[in-house]
Amino acid sequence: MCSASASSTPTVTVSRDEVITGDAANNVTDNIYEKIGVNLHHIDSHPLGIIKSAIYSFFDRNYPDTFTKFDDLHPVVKATANFDEVLVPADHVSRSSNDTYYVDADTVLRCHTSAHQAETLRKGFASFLVTGDVYRRDSIDATHYPVFHQMEGVRVFTEEEWKAAGATDGTAYCEQELKKALEGLAKELFGDVEMRWIDAYFPFTEPSFELEIFFNGQWLEVLGCGVMEQQILDSNGREGHKAWAFGLGLERLAMVLFDIPDIRLFWTSDQRFLKQFKAGALDTKFKPYSKFPPCFKDVAFWVSEDFTENNLCELVRGIAGDLVEEVKLIDDFTHPKTGKTSNCFRIAYRSMERSLTDDEINSLQEEVRAQMASRLGVELR
Ligand code: PHE
């Protein structure tokens, strides 16, 4: 819950009609709509709730009485808050309806918790943590799901504060403080895991970095961060102050920490998953209770002009729900004579809970093919 009651936004249940408007810009599908208000991060014994509490506790112990915590800010926000107020350029791809869910032309499902930076600064908070569900149209695989959870952290310093710390350059001071805080956090969560800082770009920070963690034989990006762009501070009542900011993905951290192999598991109501986790216990290692074989189906087609992988993924998710594990482009060629482009995608179907029958998978795949032709306008091969 929000610990700053005066400014807390109560958890609102949005009625379906409020979100699914007849607006031409609306691209929020039913299965996305159903996730609003679920708030997995409010459940103390859910892996996401456990991670949230562990991060809170890290900041409370190391920065007592510093951060105000918000975890019930509503995910339907103005496009201006999601983009303009954090300086996302007018032509940035994240603004496209291929990447972001629009409720109407001016309203989105936040695609990051950074959507609350400016507003929270304006309300007078200097240091805060904002946790919430965020929404992105994306591809489908074990680490991508159209809804996931982020925690935003912001810490503002006045000039007196950073000068009193002996620093001569506010930006360098913020960078150093930021890296110290996040390395401390990563150590606390993961122990002696290998990590590395990568230079990055975000419209709202300069310099910007990503922190990667070595997990299951590969480097996994777990957070983005940087020194807040001065304009954001100056426009929101913090003229001349300096700040660091980070945004981290709770699912990514939880997958690494608890050995959770597939992001769909966070949404399961299967007790064999949920029962394995206990509030406050960071040392749980998930034990898979079943490994049903995946079933692969390929679909090849001539692409239409406005075909996108995200649209295909949304369509497959709409039909197969959480039975789809991965959608992967396995062939892409352009015919030398006709100039037409053919794609072949391999769809992996797998339930985490039970065996799927051939009939069931075949009928899902038939429906996928039918809707690809009718709704995506592609020519099946
Ligand atoms: N909003 C960024 C993202 O979602 C993360 C971020 C937050 C980066 C704050 C820098 C500062 O990827």
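This is a short walk through one predicted model, covering its confidence, its pocket and cavities, two helices and a few residues with particular backbone geometry.

Confidence comes before the rest. The chain has an average pLDDT of 93, and 94% of its residues reach at least 70. The stretch to treat separately is residues 1-13, where the pLDDT is below 50. In the model that stretch still has 24 contacts beyond near neighbours in sequence. I will leave residues 1-13 there.

Now the largest pocket. Its space comes to about 910 Å³. The lining is made of 39 residues, and the ones nearest the centre are Cys111, Arg136, Gln150, Phe202 and Glu221. By class, the lining of this pocket has 16 nonpolar, 14 polar and 9 charged residues. If you want to find the pocket on the screen, look for the strands. At least two lining residues come from each of S6 (147-157), S7 (195-202), S8 (205-215), S9 (218-228) and S10 (242-249), and the same holds for helix H9 (250-258). S9 is the biggest contributor to the lining, with 6 residues.

While we are on S8, one backbone detail. Pro207 is in that strand, and the peptide bond between Glu206 and Pro207 is cis, with omega at about -5 degrees. For context, most peptide bonds are trans.

Next, the enclosed spaces. How many cavities of 30 Å³ or more does a search of the whole structure find? There are 3. I will take the second largest, which has a volume of about 80 Å³. Its lining has 13 residues, with Tyr101, Pro146, Cys313, Glu314 and Arg317 nearest the centre. Those 13 split into 5 nonpolar, 4 polar and 4 charged. Two helices, H2 (30-33) and H11 (309-320), supply at least two lining residues each. Of the elements involved, H11 gives the most, with 4 residues.

That brings us to H11 itself. The helix has 12 residues, and the distance from its first C-alpha to its last is 16 Å, close to the 16 Å expected at 1.5 Å a residue. Is H11 largely enclosed or largely open? Largely enclosed by the rest of the structure, because 9 of its 12 residues are buried. The buried ones are Asn310, Leu312, Cys313, Glu314, Leu315, Val316, Arg317, Ile319 and Ala320. Cys313, Glu314 and Arg317 are in that list, and they are also among the residues nearest the centre of the second largest cavity. The buried residues of H11 pack against H2, strand S12 (324-334), strand S13 (341-349) and helix H12 (358-375). Just after the helix comes Gly321, with a positive phi of about 55 degrees.

The other helix I want to show is H3, residues 47-62. Its 16 residues should span 22 Å at 1.5 Å a residue, and its end C-alpha atoms are 23 Å apart, so the two figures agree. Its buried residues are Pro47, Leu48, Gly49, Ile50, Ile51, Lys52, Ala54, Ile55, Tyr56, Phe58 and Phe59. Note that Lys52 is on that list.

Two residues with positive phi sit in the loops on either side of H3. As background, most residues other than glycine have a negative phi. Asn39 is in the loop between H2 and H3, and its phi is near 50 degrees. Asp65 is in the loop between H3 and strand S1 (68-70), with a phi of about 55 degrees. Which of these is buried, and which exposed? Asn39 has a relative accessibility of 12%, under the 20% cut-off, so Asn39 counts as buried. Asp65 is at 84%, over the 50% cut-off, so Asp65 counts as exposed.

Last, Trp162, which is in helix H6 (residues 159-164). Its relative accessible area is 8%, so Trp162 is buried. What does Trp162 touch, leaving out residues up to four places away in sequence? The list is Phe157, Ala167, Thr168, Asp169, Gly170, Tyr173 and Lys242. For a sense of distance, Asp72 is 90 residues from Trp162 in sequence, and their C-alpha atoms are 31 Å apart in space.

Technical notes
Residues are numbered from 1 along each chain as its sequence is written. This is a predicted model: local features need pLDDT of at least 70, side-chain atom pairs count only at pLDDT 80 or more; totals for chains, interfaces and linings use all residues. Side-chain values use heavy atoms; hydrogens and water are left out. On a 1 Å grid over the protein atoms alone, a cavity is a set of points where a 1.4 Å probe fits but cannot get out, and a pocket is an open set with protein on both sides within 12 Å along at least five of seven lines; lining residues have an atom within 4 Å of a point. Grid points are joined across faces, edges and corners, and a volume is the space filled by probe spheres set on the points. Ala, Val, Leu, Ile, Met, Phe, Trp, Tyr, Cys and Pro count as nonpolar, Asp, Glu, Lys and Arg as charged, and the others, Gly among them, as polar. pLDDT is the predictor's confidence in each residue, from 0 to 100. Contact means heavy atoms within 4.5 Å. The expected span of a helix is 1.5 Å times one less than its number of residues. Buried means under 20% relative accessible area, exposed over 50%, partly exposed in between (1.4 Å probe, protein chains only).
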